[in-house]
Amino acid sequence: MSLIREEMPVLVRHEGDWVGTYTVVDVEGKIIDKHESHLTCQFPENDANSYYQINRYKWSNGKQEEHQFPATYRDKAIWFDTERINGKAWEIDNATLILWFSYKTAPDMYLYEMINLSPCNNYRFRTWHWFKNHQLFQRTLIQEERLR
């Protein structure tokens, strides 16, 4: 049995469904993309994956995407190795997670995400810092509310 629920209590507080908005800005703060999101964070029982996340995105022009992110747990972190990304997330205090990941199709690009959960567990605030060749080129600002 995985120790994830015991050793990553902040991550466990994210369990459930979240809705919000992703706003992508360039280094000057100009909005270059904005879309709605619905994320589901799960801890499957009797599964090889200790954590499972489904991201659904919807743009105003009708475009939609869905991505699934199974993760394994070890060393007080969750580890992603999917067709799309490699990455790892870990807790840094009683309200915050850090996620580092890179896209497999863009080896010169990676990002760091800070995920902050409100004390009431009903609001999340996330910021992605995108790097290409170790230079910041954009940020994603995410504000979410727990759906259930």
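Colleague: How much area does the protein expose, and what share do carbon and sulfur atoms supply?
Modeller: About 8600 Å² is exposed, with 50% supplied by carbon and sulfur atoms. Areas come from the Shrake-Rupley method with a 1.4 Å probe. This is a predicted model: local features need pLDDT of at least 70, side-chain atom pairs count only at pLDDT 80 or more, and totals for chains, interfaces and linings use all residues. Residues are numbered from 1 along each chain as its sequence is written, and side-chain values use heavy atoms, leaving out hydrogens and water.

Colleague: What order do the elements run in from the N terminus?
Modeller: α-α-β-β-β-β-β-β-β-β-β-β. That is two helices and 10 strands, taken as DSSP runs (helices H or I, at least four residues; strands E, at least two). The radius of gyration, over C-alpha atoms, is 15 Å, close to the 15 Å from the globule rule for 148 residues, so the protein is as compact as a globular protein of that length. The rule is 2.2 Å times the number of residues to the power 0.38.

Colleague: What percentage of residues count as buried?
Modeller: 45% of the 148 residues. Buried means under 20% relative accessible area (1.4 Å probe, protein chains only).

Colleague: Which residues have the most contacts inside the largest nonpolar core?
Modeller: Ile4, Leu11, Tyr51, Ile78, Phe80, Tyr103 and Trp128, in a core of 32 residues. Such a core joins buried Ala, Val, Leu, Ile, Met, Phe, Trp, Tyr and Cys residues through side-chain atoms within 4.5 Å.

Colleague: And what does leucine 11 touch?
Modeller: Beyond its neighbours within four places in sequence, Leu11 is in contact with Ile4, Phe43, Tyr51, Ile78, Glu91 and Leu97. Contact means heavy atoms within 4.5 Å.

Methods:
Buried < 20%, exposed > 50% of the residue type's maximum accessible area, 1.4 Å probe, protein only.
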